[in-house]
Every structure is written in C-alpha cells, then in structure tokens.
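Biologist: I'd like to go through this one with you, chain by chain. Could you pull it up?

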Amino acid sequence: MGRQEEVILEMKDVKVHFHLDEGVLKAVDGVDLRIKRGKTLGIVGESGCGKSVTSQALLRIVPKPGEVQGKILLYRGGKDGTDEPVDLVKLDPRGKQIRDIRGGEIAMIFQEPMKAFSPIHTIGNQIIEAILLHTTDDKEEAYRLGVNILQKVGMSNPEQRMGEYPHQLSGGMRQRAMIAMALSCNPSILIADEPTTALDVTVQAQVLQLINDLKEKSDTAVIFITHDLGVIAEMSDDVAVMYLGKVVEYTDVDTLFHAPKHPYTKALLNSIPSVSMEKKRLESIEGTVPFPMNLPQGCGFYSRCKHAVDGVCNAADVPLVEVAAGHHVRCLMVESERTEQEVEA
Amino acid sequence: MTDMSAQLVLDVQAMKKYFPIKKGFLQKTVGYVKAVDDVQFHIRPGETFGLVGESGCGKTTLGRCILRAIEPSSGSVLFRDREGRVRDVMQLEAGDLRAIRRDMQLIFQDPYSSLNPRMTVLNIIAEPLVCNGMLHGAELKERVAHLMELVGLNSRHLERYPHAFSGGQRQRIGIARALATEPKFIVCDEAVSALDVSVQAQIINLLQDLQEKLGLSYLFISHDLGVIQHISNRVGVMYVGKMVETATTQTLFASPQHPYTEALLSAKPVPDPRRKSNRIILSGEVANPANPPSGCYFHPRCPYAKDKCKTEAPGMRQVGDGHFAACHFAGELKLKGASGL
Amino acid sequence: MPEARFTEYKNSPPQTIRFVDPKTGFQLRPFVYGMSEKVDKETFRRTFAVRPEKKYEIRFFVKGEPYKMWGIIPMDVHLFGLSNPKDPLILMGTDKLGHDLFSRILYGARISLSFGLLGIVITLILGLVLGGISGYLGGISDTIIQRTIDLLICIPTIPLWMALSAALPRNWSAAQTYFGLIIVFSIIGWTGLARVVRGKILSLREEDFTMAARLAGASNFRIIRKHLLPSFASYIIVNVTLSIPGTILGETALSFIGIGLQPPVVSWGVLLQDAQNLETLAHHPWLLWPALFIILTVLMFNFLGDGLRDAADPYK
C-alpha cells in the first residue's frame, strides 16, 4: 500500500461491567483493539458476546448501570490543538467534549433505521440539524451539504427526499438516509452495528457496496459489527472474534478465514451452511453460550470446547497471545502447540 | 378421494391467497394484496422442499395456507394421510381438518412467542396429544419424556417453564411439540433464522436426523440460501407472491434459469475473503405486492429485461428435467450459478 | 348500633381516651371522662365541658344492647365499651341527633366496601364477556359492542350516574336502591375493562402459541381457557383492584349530593352529607371523620393494586 497504517483509535483493556442486584455482569471484559484509518475492523460473535456493548463504550452511550473501565485513546490528529490522544473513558459521558466527538468524530449506524430517526421530523431537517451541530453555522450551507450527502449515498431526487418523513422511505432507503446522516459531518470513524441484518439479501448487497465505496472515497475507518461471517468476509480488513466479552482471535481477514487458530473460530466457520460448500454434516458447537455472570475461572469456551484439557484450560484466565505477526489468539492449546514446534525446530 | 401420483406426499395446485385492502369509513375493498398468487409445487416422501425468497414474497403465507392456519382464497392441497388416503385439505370440514393436522405440523420461527410462557414444557408438548385424546396420565408423561429425549433435551426438565431454556432449547421444545402426534409432513417456517450460527447448526442437524429416523417430509421456508442449499433436495424461489423457479438443489445452484435466482445467489455474502466478487447488485427493492409492476414483476430490477417483459407476464415452463422457470428468456440467457462467482 | 342515640349528647365533640388519672396516676386500663352540655347565654352556642369527676373505664367484651352477629347469631357481647351501655363513649363525636359517629362509620364501611366489591364483580362479568366476544369473534358483534362502548364513554360520567340513579323508583326499599345503584355503576363501568380485554385478546390471538394450539387441535374453548385467560388474568386482577376505589368514590359522590343511598341507610357518603355546609363544619369538624376513612381505603386499594402488579409481572 505504501501508506503507513495510521492508528486512530486504540482500545486498551476496555471493560464494561454492569453492577446488578444479582451480581456483576461482565458484558465486555478486557478488550484490546486498534482501528486504522481507511480500514474496516470487523467484530463478529454470537448474541450476548459483547460486540454491541463494545461499540457503545466507544461513544460512551453504555446504558446504566454499566461502567466503562480501561483506556480508549482517540488520536484526533491535532484537531484540538494537541497531538496527545484523548482518553474517551475519562470524559464526562454528558460533557461537551464527548458530544463533539459523537457524531463529529465517531458516528454510528444501527440495525433498525427507524429507531435512529425521529418520526415527526423530515429526513432533511434531521440531517441539517446534525450538520449545524458539528460542521457549520450557516443554514443554507447546511442544506446544500445535506442534499450533497444524500446524493452521495445514492438516493434519487435528493431535494425531494429532504422533505420526506422516515416512514415514507423503504427499508433500504432508510438505511441509506441513516448512513447519510452518520456521514454528514465527515467522521473519521464509522461504527456500523448490524446495519444490514434487517434487510433482504439483494438490498443488503447494495448497502454493503455503498459502505465500502464511501470508506474508500473518504478514508473513513469503519467498525463493522455483525454475527454474519459472510458479511465479515466481504467487508473487513481485520477481524476480531468475540466470545463472552473477550476477544478470542484477532487477525487480518484472510488469516481468519483460511488459517484460524482458536477452536471457537474454527467451529463457527464449520457451522455455517454455505452456498459454496459441498454437502456434509454441519459441525455444531455443543451447548449454548453461558450467561456472562459469575463465570468460573479459566477459558470462557471451556465448557463447549472439544480440545479443552481439564486442569489446564479451566485453571486460570487465558491471555491473548500473539502467535504470529498480527495474529492474536486466546487459547492455551494453540500456544503450547506453538512452543512445541519451536522446541522441535 | 382425489387422484395424486403415488410418489407424492403433498401436491399444491393453483394456490392463491389475496388479502383485501380496505379503505375508508365503510371499509370498502379497494384492491388486493396478492400474497400468494397461483403457486404450485409438490413434495415427495422423505424429501425436503426448500422455499426461498425475500421478506414479503409470500413464503410464510404459503406455508400457513397449506395447513389452513390461514384460509387460502382458492387452490387445492392434496395430501396423503397416515392411512394412505389422499385428501384435499381445502375441502375438509373442521373435524376432519383437526384429524389431518395430526399428520401435518408447523415449526415456528420465533422460539419465544411460539411457546406459552405460562405452561410447563410437559403441558406444551402434551397439548396435541391431549387435544386429540390420544394418551392420558402416565402414558402421556412417558411419551412426552420420550419426545424430549428424541430432540436432545433432558427429560427431567418436564416441569420447567419455557423461560428457563435458551433459544435453541426452546426451538427443540417446539420441534418436540410438532412431532408429538407423529406427523409425516412438517412445515419449518424460518425454523432456524432466529438462532445464533452455532445453535442453528445444532437444529439443522437435529432436523436432518429426525427426517432420517422418522421418514419425515419437510417444507423448509427460509430467506437464507446457505441453509436452503444445505438442507433441501429441491428448491422453489418465490418473488412477490409467485414461484419463479423450481429445480433440484444442485441444478438450481449450479445453473439457475431465472435472473432473480441468479441475483439472489450472487448477493449472498460468502464467508471467504478470497472470493470478493463481481457480484450482480440489483437496483431498487422488492416490488410492493399491493401494487406490483406490469408484466413480469421482476422486470424493473432485471438486468436482462426487454420490452416483452414490461407487458407480458411469463408463465412457468419446463426448461429441463424437473426444472421450471417463469421467465420469457429462460434457457436463452447465460446465467451464473453459485460456483461461477 | 347505627341508630342508637345518646340523646343527652347531640353534636358532641370526641372524648379523649386517657391513661393518667390526676389522683391515682398512670393506669393501664384506658378511661374517658363524662361531659355535660352548656349553652352560652349570649350566643346560644352549645358547648360541652369535661367533667373529670365522672370517670368511665373502657372494657373489652362488655355486655350491651343485643344484636345479631352476621345477621344470624344473637349476641349481646360487644368488643369493647363501658360497663353501663347508657354511659357515653363517644370516640369520634356525635351528629346532630346524637348518633355516635364511630359506630356509624364502622357500619357505613359495610355498605361502602361491599358496594365497591359487588359493583366490581358485576363490572368484571360484563367486561369479560362482552370484551371477550368482541375480541375473539370479531365481525359484527365486535362492531356493535365497540360502538356501544363509544356511546357510553362519550357521555360525561357524573350526569349519567345522576340521570340513571334518578330513574330508580323512589318507592324502592333501601336494599333495592342499593342493588339498583350497583347495577347503574356496572353498566357504566364495564366499558374500560371490555376494551382492555378485547385488546389483550386481539394481541394474544396473533401470538404464535395460539396458532400452535389451534394446529394441535385445541378447540376455541380450550384456547380461551388454557392460553388466553391465564395470560391476562394477572392483568385483569390488577386492573380490577385499581378500579374498586373508583366505584367507592362514585357511590360516595352520589350519596353526598343526595341522589345515591338515602338515610336511614348508613354509608360513608351518606355520613358526609352532614358535613355539607360550612357552618356545621366550623362548629363540628369531627363530622369529616368519614372522609379520612374514604381516603385511607382508596389509598390502600391503590397500593394493593400496585403491589399485585409488581407481583404479577414476571418480565420486570
């Protein structure tokens, strides 16, 4: 590529704990991730693995009684006068600075576009409002930018769409309008939380292509959250697989799909019935994801893992280890295999 | 008594379901939503027929019309019951309908709303047996316990309520209920769509095992092409209430004859980053069944559409051995299958 | 006894219950002092003066006027009182005829509470049946019932109550009027409940588990009994508990303005009739005691309803 990979957001040991009457729910439990300019980081996992809460932590919109710990360093590249990164965890979740970053620096699109729009204002008014908040003070300029951005996301008759209400648009158009609103202030990071799960396949293909095009044009970093491994393969440059609030495997997309190390990733890949696969019995993972509260010591996947060894895997918490350059795996078995190979060599 | 080829379990003919659109104070009917429009297909014993399509294409309505859970507007459903008699489900009176439903059952999509939260698992699974007066007392309990073991649940959990189970386990309860009366034919309506991938694989395997063990036939409804390809012997593709293509799974995925099928196959994201592809991206969205376009419903989105498509609606015609497509140019177009991507 | 009168003590203020005798000191057994009426020669105002020389001790299980427990068992033992039933024990004052207000409030509670409970039973039956028919059958019966509800709801409640209760024949006995009024309240009150029931049934009918039951071969009756009713029973119980106070307040309001129950029937509303004008209130504020009981009852039913709602909601 030639261009140096520039990290614009770094998560260090981020934890989101919910203190409930029944105990501490560890929704996110020590996540380290790096988001690079112009690249897409895919976060994949089953329901309840903490992938959505991770993105909420970035915007500091974790619902109560959730508590964010760790470090989320945002490199603003001199926008606020210094080169020092801002630690989002230290900011007041209702303060001015985080509100500036929300929408301005980091924008988000959701699974259900109807929830992101207010039903009683026109699409145009809502986009203009966002632009006025972050980019300009001139209303006419804001309107022009709004029309521009609608055109960019491929909506026909953008001037007419500006005057329409959310319910007048079809599902795919609504999703486009939401992407337009998210992009209206040129954010450096776009978080997409299951943006195509509610869409039909043919429309999903349109929206995925749109996100990819926009990413390339404006050099935005994208965090793409989904449970669909097909979509992940399509969209991502790097992938983090999450299980029970922890990243279990973190590497580039090609390695993940062609040389996965973690038993969970392997099992997940084998359990999807896919169009290109010849017919054979699906490999399923026994049991279900445990409830992330009062978990026993050791590897979270222990109870469902085929390769688990009693007394090793369930003895202590398993660290995330770099097994090859840029390939991180949280599994003791993989690690011991590697050290054996090294010894042999 | 009606005629049906000896090799079939189910033969659906000219099935239509029109929902009236009512407007105004007097609720005058101003038009119809053609949710299912003149669909026909058949299912052989021990076979899985996959029905695929996007939301609003009428696949769920079709599945429910076959069981008469929704009353169809017209059509016939010939079904061979456990005694081997062929009955037209559409012509049955309430009592006969109840009897024939012991042989045809439904598995729902949503494992949460399909189980009554105020009933124990025992009562839920036993309901079909109790309602049909088939078993009582200890025998009933024994049968339910057996059913639970059959679908991979612990039979000691008979007295638990549904909320104590996870999504996948609840789906197993729903399957056990459907199996209670030993049916021969089951409609699986998006039965694995609401589940996580790893659990989805468990349920698909379970359904396949049960099919083998009990000789079941499935109508498997799904929007997920991967699942459909994995589980089906033959596949039907629906678009805005109409069947546009039916063929054996292999044929359909290898050499589709309808442009919509091709687009569907191409749009499905493949879990392999090396196959990022020259995919066909359709413009626009699924047509509104209340106000469909003229001619072929697919023509506004079809990359191969010609003038003929705008005016004339194509009928189903045979393009190969057991391969039917509703396209004027089926057989003439060079369409790509799943492997060509 | 509600009709018993202390003829010497008309409009008497409440006595104070005492435990300390200035002569003998503290004693565990409570007692009251006697009172004597005085008339101010200039203003003609009647006042009562406490006469500490007359000391009456309050005892449990004293013999007094004969009565019938639950209207059946003849008894003459009272829970508490003075050893001589002729002596005055006036805990909450008396009205202008010398009726002891405390006894009358207790008797009034019978009428007022039973009115609320009986009224809600009839409302419940009407609401369940009509709402159930409307929701489950739909079609024409639904339209007719819904339009009837619309009609009943758009008439303001109090004038409608007044009109209907005024239509009850004057020559009816006290018991007949009582039941007549209950029916009036139920005829107006079922509408809200019927709408709730209809809405619940409509939404539950669409649930997958109802369809599953139908496919399992369950009859309509079984679906209603096994699937629909249990699913909203808790909701109905809460709703009913919360609407009991409404009926009690309605009865009180009607009796207060004089078109509900009539004396000699004693209900809290009837008792409050005495407190209607400002002058009597200024001189005899104890006549407001029934209002306190009404407030307490209404509050308690509300709290009970809230508690039941919390207990019944498993998805909190």
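Modeller: Sure! Before we talk about distances, one definition: domain bounds here come from an automatic or database domain assignment. Also, keep in mind that this is a predicted model.

Biologist: OK, how many Å separate the centres of domain 1 and domain 2 of chain B?

Modeller: The assignment splits chain B into domain 1 (10-253) and domain 2 (254-341). Take the centre of each over its C-alpha atoms, and the separation is 27 Å.

Biologist: Which element gives the most to the side of domain 1 of chain B that touches domain 2 of chain B?

Modeller: In this contact, 25 residues of domain 1 of chain B meet 26 residues of domain 2 of chain B. On the domain 1 side, β2 (28-43), α7 (225-231), β9 (234-239), β10 (242-248) and α8 (249-254) of chain B give two or more residues. The top giver, with 7 residues, is β10(B).

Biologist: And how many residues on that side of domain 1 of chain B are nonpolar?

Modeller: Sort that side by class and you get 8 polar and 4 charged residues. The nonpolar residues number 13.

Biologist: Now the neighbours: which element supplies the largest share of the side of chain B that touches chain C?

Modeller: That contact takes 18 residues from chain B and 15 residues from chain C. On the chain B side, β6 (104-107) and α3 (121-131) each supply at least two residues. The largest share is 3 residues, and it comes from α3(B).

Biologist: How many charged residues are on that side of chain B?

Modeller: The side of chain B that touches chain C has 7 nonpolar and 5 polar residues. Its charged residues number 6.

Key: Residues numbered from 1 in each chain as written. Chains lettered and ligands numbered in written order. Predicted model: local features only at pLDDT ≥ 70, side-chain atom pairs only at ≥ 80, totals over all residues. Contact = placed C-beta atoms within 7 Å. Helix = DSSP H or I, 4+ residues; strand = E, 2+ residues; numbered from the N terminus. Nonpolar A, V, L, I, M, F, W, Y, C, P; charged D, E, K, R; others polar.
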